[in-house]
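Okay, thanks for making time, everyone. I'll walk you through one structure today, strand by strand, and finish at the ligand.

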Amino acid sequence: MPNLLIVSNCPSDNTRVLQEAVVRGATQEQFEDLNIVNLEPLDADPDNVLWADGFILGTTENFGYMSGLIKDFLERIYYPCLEHTEALPFALYVKGGLDGQGAKTSVERVVTGLRWKHIREPLVMKGDFCDGFVSDCEELGLTMAAGLDAGIF
Ligand SMILES: Cc1cc2nc3c(=O)[nH]c(=O)nc-3n(C[C@H](O)[C@H](O)[C@H](O)COP(=O)(O)O)c2cc1C
């Protein structure tokens with residue numbers, strides 16, 4: 001039974017809606033064998049990462065970088081997990097105000113070090129909040145869950 005870990009910071013109603021959409025996408029009925037743990041960054045630790053067979057990270061862009069909470073999470077798990085999670089599938093979504101590229105690049109740099117494998121281009125959402133963000137997040141969760149469930153990643 002594959003295990004999926006979702007970690008995202010949610011400082012606002014909009015970001016909470018996006019996190020819920022990712023979880024909704026991943027918890028479709030047909031993936032009943034998939035175990036999903038959805039954690040706030042401060043509650044996630046190396047044991048959660050070592051348990052997982054795939055990861056979804058969500059971050060806001062703050063000051064042109066990933067959020068402080070996601071950075072703290074990655075700092076705490078990096079060395080304990082470095083040699084143990086290589087090539088595991090990974091997906092990223094970024095919620096920015098007007099940009100988001102800095103957050104995307106900063107997470108990608110760390111994940112390259114961990115040698116996690118992107119399953120798709122990161123989802124970067126910026127500008128006015130819209131329904132498309134929600135459906136894109138659902139699709140991201142669905143894509144990861146389907147791949148893990150089918151064992152194709
Ligand atoms: C301290 C701070 C710094 C921010 N820096 C950036 C930034 O560099 N680039 C950007 O696109 N948005 C930036 N934002 C906007 C957040 O990314 C945005 O508020 C977040 O995605 C939540 O979205 P929402 O306001 O639609 O709920 C910043 C927000 C805060 C609070």
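**Around strand β5**

So, start with one pair: phenylalanine 90 has histidine 118 as its bridge partner in β6. The way the chain gets from β5 to β6 is through helix α4, residues 101-114, and that β-α-β crossover is right-handed. Before I go on, keep in mind that this is a predicted model.

Now, how many bridges join β5 to β6? There are 2, with β6 covering residues 117-118, and the two strands run parallel.

Phenylalanine 90 comes up again with another strand. It is the bridge partner, in β5, of phenylalanine 55. That belongs to the pairing of β5 with β3, residues 54-62, which is parallel too and has 6 bridges.

And β5 has one more neighbour to talk about, β7, residues 123-125. Here we get 3 bridges, again with the strands parallel. If you want a residue to look for, tyrosine 93 stands opposite leucine 123 of β7.

Okay, so is β5 itself buried or exposed? Mostly covered: the strand is residues 89-95, and 7 of its 7 residues are buried. You can look at it face by face as well. Pro89, Ala91, Tyr93 and Lys95 point one way, while Phe90, Leu92 and Val94 point the other way, and all of them are buried. Yes, Lys95 is in that buried set.

Let's go back to the N-terminal part. Strand β1, residues 3-8, pairs with β2, residues 35-39, in the parallel sense, and there are 5 bridges. One of the pairs to click on is valine 7 with its bridge partner in β2, leucine 39. Put helix α1, residues 13-26, together with β1 and β2 and you have a right-handed β-α-β unit.

Last stop, the ligand. Which residues come closest to it? Out of 16 that surround the ligand, the closest are Ser12, Asn14, Gly96, Gly97 and Asp99. As for elements, α1 and β3 each supply at least two residues of the shell. The biggest giver is β3, with 3 residues. So β3 shows up twice in this talk, once as a parallel partner of β5 and once here in the ligand shell.

And what is the shell made of, by class? Around the ligand we have 9 polar residues, 4 charged and 3 nonpolar.

Okay, that's my tour. Over to you for questions.

Terms used
Residues numbered from 1 in each chain as written. Predicted model: local features only at pLDDT ≥ 70, side-chain atom pairs only at ≥ 80, totals over all residues. Pairing = 2+ DSSP bridges. Helix = DSSP H or I, 4+ residues; strand = E, 2+ residues; numbered from the N terminus. Right-handed = clockwise from strand over helix to strand, strands pointing away. Buried ≥ 20, exposed ≤ 12 C-beta atoms within 10 Å, placed from the backbone. Near = placed C-beta within 6 Å. Nonpolar A, V, L, I, M, F, W, Y, C, P; charged D, E, K, R; others polar.
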